[in-house]
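Colleague: Could you pick one part of this model and give me a close look at it? I'd like to hear how that part ties in with whatever surrounds it.

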Amino acid sequence: MSVQVRIPRVLRGHTAGKSNLDVDAENLADLLDRLYEQFPTLKNSLSSDGVDVLDHTNIFVNDVEVREIGGLSAELKSGDTVTILPSMAGGGYP
């Protein structure tokens, strides 16, 4: 089943500039594995050093945060839209 994955600008260097990808996956873990196979450097940006991807990345399925629907086990169905938003840090007040 094909789902659309939205890639934010900050990660497009890993996806050859692509902002939207169609991926066949049954659940979120499967989707991430397929993305990592196709774009190996993406894994280091999302879950380097074995850190759980959900610790530093917000992922939404049809605008619902995946932690609310099962985390990496969240089931996907054809036509779903997955949005990946890595956490940002930095800046601050002097």
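Modeller: A quick bit of vocabulary before we start: a helix here is a DSSP run of H or I at least four residues long, and helices are numbered from the N terminus. Also keep in mind that this is a predicted model.

The part I'd pick is helix H1, and a good way in is a pair of charged residues, Arg 34 and Asp 30. They both sit in H1, 4 residues apart, which is about one turn of the helix. Their side chains come together in a salt bridge, with 3.0 Å from N to O. What about Arg 34 itself: is it buried, exposed or partly exposed? Its relative accessibility is 39%, so Arg 34 counts as partly exposed; to be buried it would have to be under 20%, and to be exposed over 50%.

Now step back to the whole helix. H1 covers residues 28-38 and lies across S1, S2, S3 and S5, running at about 115° to S2. To see what that means on your screen, follow the chain. The protein has 3 helices and 5 strands, and from the N terminus the elements go β-β-α-α-α-β-β-β. The strands form an open sheet of 5 in the order S2-S1-S5-S3-S4, with mixed pairing. S2 and S4 are the edge strands, each pairing on one side only.

S1 (residues 2-6) shows the mixed pairing nicely. With S2 (residues 20-24), S1 pairs in the antiparallel sense over 5 bridges; with S5 (residues 81-86), S1 pairs in the parallel sense over 3 bridges. If you want to trace this residue by residue, Gln 4 is opposite Asp 22 in S2 and opposite Thr 81 in S5. Arg 6 stands opposite Thr 83 in S5, and Val 5 has Leu 21 of S2 as its bridge partner.

Which way do the side chains of these strands point? As a rule, side chains in a regular strand alternate between the two faces of the sheet. S1 has Val 3 and Val 5 on a covered face, with Ser 2, Gln 4 and Arg 6 on the uncovered one. In S2, Leu 21 and Val 23 point to one face and are buried, whereas Asn 20, Asp 22 and Asp 24 point to the other and are not.

That takes us to the core. Nonpolar side chains in soluble globular proteins tend to be buried together. Here the largest nonpolar core has 23 residues, and Val 5, Leu 31, Leu 32, Leu 35, Ile 59, Val 82 and Ile 84 have the most contacts inside it. The elements giving two or more residues to this core are S1, S2, H1, H2 (40-47), H3 (53-56), S3 and S5. H1 gives the most, with 5 residues. For one specific view from the helix, click on Leu 32: setting aside neighbours within four places in sequence, Leu 32 is in contact with Val 53, Ile 59 and Leu 72. Over the protein, 37% of the 94 residues count as buried. Of the contacts with a separation of 6 or more, 53% are between residues 24 or more positions apart.

Back to charges for a comparison with that pair in H1. The count comes to 3 salt bridges. In another of them, Glu 65 meets Arg 67 at 2.6 Å, N to O. Glu 65 is in strand S4 (residues 64-65) and, leaving out residues up to four places away in sequence, touches Asn 58, Ile 59 and Phe 60. With 12% relative accessibility, Glu 65 counts as buried; Arg 67, with a relative accessible area of 41%, is partly exposed.

Lys 77 and Asp 80 also form a salt bridge, at 3.6 Å from N to O. Lys 77 is exposed, with a relative accessible area of 53%, while Asp 80 has 4% relative accessibility and therefore counts as buried.

To put H1 back together: the helix lies across four named strands, S1, S2, S3 and S5, gives 5 residues to the largest nonpolar core, and holds both Arg 34 and Asp 30.

Note on methods: Residues numbered from 1 in each chain as written. Predicted model: local features only at pLDDT ≥ 70, side-chain atom pairs only at ≥ 80, totals over all residues. Heavy atoms only, no water. Contact = heavy atoms within 4.5 Å. Buried < 20%, exposed > 50% of the residue type's maximum accessible area, 1.4 Å probe, protein only. Pairing = 2+ DSSP bridges. Axes fitted to C-alpha atoms, helices over the stretch in contact; angles between N-to-C directions. Core = buried A, V, L, I, M, F, W, Y, C linked by side-chain atoms within 4.5 Å. Salt bridge = Lys/Arg side-chain N within 4 Å of Asp/Glu carboxyl O.
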